[in-house]
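Welcome! Here is a short tour for anyone meeting this protein model for the first time. Please have a look at the structure below, and then read on.

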Amino acid sequence: MELTVPVKDGEVWAEDTGGDGPPLVLLHPGVAACGVWDPVMPGLAGRRRVIRYDARGFGRSPAPTAQYSLSGDLLAVLDHFEVDRAVLVGSSMGGATALSLALDAPARVAGLALFCPGVTGAPDLESPELIARIGELAQKGDMEGLVALSLRTWGAAGSGDDPEVAAQVRAAIPGWFNNLGRQVPDADAFDRLGEITAPCLLALGELDQIQVVRCNEAMAARIPGCRLVRLPGSDHFPSLREPDRVARLTLELYDSVA
């Protein structure tokens, strides 16, 4: 079932497969929209209830018109679907959102399946040079340049001609800019990862950017009892590169906490 979910001063597009038990809630990365989970859905839907949504300004969700936070919207989505506890499945930006909620509202999080996750407050995770280059291309209105830069930066596992990843990046790029001045960053979480109480799986892509790999290794070491998995064929898009394994790892985590 597809529907529009109200959030504070706005709305997001969401999908709920229905079903019993705590749901899996899929949170997309900042370099893609919700469709990045399409290859994983056959391995999840029908076995578990799955909820996913496009963050504001991404994919099918309208651009924000007021200030908001990613974790606040996640909590609003859970409340809308009357979900007391969920297993959060987050990739990159979605992983950071899942960790923020796990720290702020631990009773709502039954487990964490994190794939190449980001985290607020991590040192040296963002490249000033990359951000500057994105700004230059945006000023020129060079969409194809932004897509090509994204494929080089986050899509190292591809061949260069990567239409599936390119389509996902195009669905994300508007969100990079129409959220400026609207999205309020969640509080720094990196130095609080030792407070995470939910069972956690963290899978990193061995072909991802080296600073992301190192950050993911440090995150796994800080989260109590975290299971670290290395995905040899993945860059920053594990749900596209190794969807069957992503689904299998997600269900393993789910079955360990359900």
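Helix 3 supplies the largest share of the lining of the largest cavity, with three residues. This is a predicted model, and the structure holds one cavity of 30 Å³ or more. Two elements give two or more residues each to the lining of the largest cavity: helix 2, which covers residues 70–80, and helix 3, which covers residues 93–104. The space inside the largest cavity comes to about 120 Å³. If you would like to find the largest cavity on your screen, look for its lining residues, among them Val12, Leu27, Tyr53, Tyr68, Asp73, Met93 and Thr97. What kinds of residues make up the lining of the largest cavity? Seven are nonpolar, three are polar and two are charged.

Next comes the largest pocket. The largest pocket has a volume of about 1300 Å³. Its lining counts 35 residues, and the closest to the centre are Gly30, Met93, Glu126, Ile131 and Gln183. Helix 3, helix 4, helix 6 and helix 7 are the elements that give two or more residues to this lining. By type, the lining of the largest pocket divides into 20 nonpolar, 13 polar and two charged residues. You may recognise one name here: Met93 belongs to the lining of the largest cavity and is also among the residues closest to the centre of the largest pocket.

Now to a strand. Strand 3 spans residues 24–27, and both of its faces are covered. Leu24 and Leu26 are buried on one side, while Val25 and Leu27 are buried on the other. One of these residues, Leu27, also helps to line the largest cavity. Which strands pair with strand 3? Strand 4 pairs with strand 3 in the parallel sense, over three bridges. Within that pairing, Val50 of strand 4 stands opposite Leu24. Strand 5, residues 86–91, also runs parallel to strand 3, and four bridges join the two. Here Leu26 has Val89 of strand 5 as its bridge partner.

A single residue is worth a stop too. Ser150 sits in helix 5, which covers residues 143–154. Is Ser150 buried or exposed? Ser150 has a relative accessible area of 1%, so it counts as buried. Leaving aside residues up to four places away in sequence, Ser150 touches Gly155, Val169 and Trp176.

The last stop is about charges. Side chains of opposite charge can pair when their charged atoms come close. In this model the count comes to 17 salt bridges. Three of the pairs are set out here, with the distance between N and O atoms and the relative accessible area of each partner.

| Salt bridge | N to O distance | Relative accessible area |
|---|---|---|
| Arg48 and Asp255 | 2.4 Å | Arg48 24%, Asp255 45% |
| Arg133 and Glu136 | 3.0 Å | Arg133 35%, Glu136 40% |
| Arg222 and Asp191 | 3.2 Å | Arg222 36%, Asp191 65% |

Let us take these pairs in turn. The side chains of Arg48 and Asp255 meet in a salt bridge. This pair links distant parts of the chain, with Arg48 in the loop between helix 1 and strand 4, Asp255 in helix 9, and their positions 207 residues apart. Both partners are partly exposed: Arg48 has a relative accessibility of 24%, and Asp255 has a relative accessible area of 45%.

Arg133 and Glu136 both lie in helix 4, residues 128–139, and they are three residues apart, about one turn of the helix. Arg133 is partly exposed, and Glu136 is partly exposed as well.

The side chains of Arg222 and Asp191 also meet in a salt bridge. Arg222 is in helix 7 and Asp191 is in the loop between helix 6 and strand 7, so that the pair links distant parts of the chain, 31 residues apart. How accessible are the two partners? Arg222 is partly exposed, at 36% relative accessibility, whereas Asp191 is exposed because its relative accessible area is 65%, and exposed means over 50%.

Salt bridges can also join up into a group. Glu15, Asp38 and Arg52 are linked in such a network.

Key:
Residues are numbered from 1 along each chain as its sequence is written. This is a predicted model: local features need pLDDT of at least 70, side-chain atom pairs count only at pLDDT 80 or more; totals for chains, interfaces and linings use all residues. Side-chain values use heavy atoms; hydrogens and water are left out. On a 1 Å grid over the protein atoms alone, a cavity is a set of points where a 1.4 Å probe fits but cannot get out, and a pocket is an open set with protein on both sides within 12 Å along at least five of seven lines; lining residues have an atom within 4 Å of a point. Grid points are joined across faces, edges and corners, and a volume is the space filled by probe spheres set on the points. Ala, Val, Leu, Ile, Met, Phe, Trp, Tyr, Cys and Pro count as nonpolar, Asp, Glu, Lys and Arg as charged, and the others, Gly among them, as polar. Buried means under 20% relative accessible area, exposed over 50%, partly exposed in between (1.4 Å probe, protein chains only). Contact means heavy atoms within 4.5 Å. A salt bridge is a side-chain nitrogen of Lys or Arg within 4 Å of a carboxyl oxygen of Asp or Glu. Two strands pair if DSSP finds at least two bridges between them.
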